[in-house]
Amino acid sequence: MNTIFRKSMLSVAGLAFAGGVFAGPIAAHANPAVDAKPAAVAVQAPKPQGDQSHITLNDEQTANVKAIIAATKKAGLPERAAVISIATSLQESKLENLGHLGDKNDHDSLGLFQQRPSSGWGTPEQITDPEYSTTAFLKGLKQVDGWQDMPLTDAAQTVQVSAYPDAYAQWEQQATDLVAQHWNS
């Protein structure tokens with residue numbers, strides 16, 4: 001081990017220990033009635049990248065938002081996963097559960113996320129089921145190391161492998177707003 005690196009690490013450990021020693025006595029004399037409640041920690045969502053797009057949703061699209069949120073909760077994932085999922089679906093299908101579009105279709109892409117049966121996402125029936133397609137997307141997302149902390153467009157692109165990798169970013173604000181509106185409903 002490099003001597004400079006070792007000394008640096010020992011210095012950091014020493015500071016952490018000293019901080020604990022000094023904070024310990026102060027914490028021991030704190031007023032338990034005041035300090036009994038844990039402090040609220042505000043989780044700040046990353047600032048959306050670039051220009052943002054917005055569409056007005058109809059009842060079907062809103063139902064798909066709620067289905068994505070329900071599948072995210074069922075998978076035990078946090079709100080950030082729902083934001084990434086909804087932004088991805090906004091880009092891929094405008095939150096519409098698309099069937100085969102004929103000549104307008106990108107290969108054999110289907111559903112909310114424009115997943116392809118030929119790429120192993122599932123059968124056409126599975127991919128056009130909002131819960132299944134969201135769960136499949138989330139399974140891919142969970143395999144991305146550090147997805148929770150990376151820009152939304154990078155996380156979505158790693159799962160989707162789109163020809164337009166930066167396009168997901170434009171939907172982050174609307175997706176964040178939709179999750180805030182429907183997460184607890």
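This report walks through the fold, two of the helices, the nonpolar core and two buried polar residues of a predicted model.

## The overall picture

Let's start with the whole chain. It has eight helices and zero strands, so the pattern read along the sequence is simply α-α-α-α-α-α-α-α. Of its 185 residues, 35% count as buried.

Contacts tell us how the chain folds back on itself. Take the contacts between residues at least 6 apart in sequence: 59% of them join residues at least 24 apart. As for the outside, the accessible surface comes to about 11,300 Å², and carbon and sulfur atoms account for 57% of that.

## Helix H3, end to end

Helix H3 covers residues 59-74. With 16 residues at 1.5 Å a residue, H3 should span 22 Å, and its end C-alpha atoms are indeed 22 Å apart.

Both ends have something to look at. At the N-terminal end, Asn58 acts as a cap: one of its side-chain oxygens lies 3.0 Å from the backbone nitrogen of Glu60. Just after H3, Gly76 takes a positive phi of about 75 degrees.

## The two sides of H3

Which residues of H3 are buried? They are Gln61, Asn64, Val65, Ile68, Ile69, Ala71 and Thr72. Seen down the helix axis, these buried residues fall within an arc of 165 degrees, so they line one face of H3. The general rule behind this is that an α-helix has 3.6 residues a turn, so residues three or four places apart point the same way.

On the other side of H3, Asp59 and Lys74 are exposed. The cover over the buried residues of H3 includes helix H4 (79-93), helix H6 (130-142) and helix H8 (172-182).

## Helix H8

H8 can be read in a similar manner. Glu172, Gln174, Ala175, Leu178, Val179 and His182 are buried in H8. They cover an arc of only 165 degrees around the axis, which puts them on the same side of the helix.

Ala180 and Gln181, on the other side of H8, are exposed. What covers the buried residues of H8 includes H3, H4 and H7.

## The nonpolar core

The largest nonpolar core holds 35 residues, and the ones touching the most other members are Ile84, Ile86, Leu95, Leu141 and Trp147. H3, H4, H6, helix H7 (152-160) and H8 each give two or more residues to this core. H4 gives the most, with seven residues.

Leu95 is a good one to zoom in on. Setting aside neighbours within four places in sequence, Leu95 is in contact with Leu57, Gln61, Asn64, Val65, Ile68, Ile86, Ser89, Leu90, Leu112 and Leu178. Among these, Gln61, Asn64, Val65 and Ile68 are buried residues of H3, while Leu178 is a buried residue of H8.

## Two buried polar residues

Is Ser93 buried or exposed? At 6% relative accessibility, Ser93 counts as buried. Ser93 sits in H4, and a polar atom of its side chain lies 3.0 Å from the backbone oxygen of Glu96. Beyond its neighbours within four places in sequence, Ser93 is in contact with Leu98, Gly111 and Leu112.

Gln115 is found in the loop between H4 and helix H5 (124-127). With a relative accessible area of 1%, Gln115 is buried. Not counting residues up to four places away in sequence, Gln115 touches Asp108, Ser109, Leu110, Trp121, Ile127, Ser133, Ala136 and Phe137.

Key
Residues are numbered from 1 along each chain as its sequence is written. This is a predicted model: local features need pLDDT of at least 70, side-chain atom pairs count only at pLDDT 80 or more; totals for chains, interfaces and linings use all residues. Side-chain values use heavy atoms; hydrogens and water are left out. Helices (H or I, at least four residues) and strands (E, at least two) are DSSP runs, numbered from the N terminus. Buried means under 20% relative accessible area, exposed over 50%, partly exposed in between (1.4 Å probe, protein chains only). Contact means heavy atoms within 4.5 Å. Accessible areas come from the Shrake-Rupley method with a 1.4 Å probe; for residues, only the protein chains shown count as cover. The expected span of a helix is 1.5 Å times one less than its number of residues. The arc is that of the directions from the helix axis to the C-beta atoms. A polar contact is a pair of N or O atoms within 3.5 Å; within protein, one must be able to donate a hydrogen and the other to accept it, and residues adjacent in sequence count only if both atoms are side-chain atoms. A nonpolar core is a set of buried Ala, Val, Leu, Ile, Met, Phe, Trp, Tyr and Cys residues joined through side-chain atoms within 4.5 Å.
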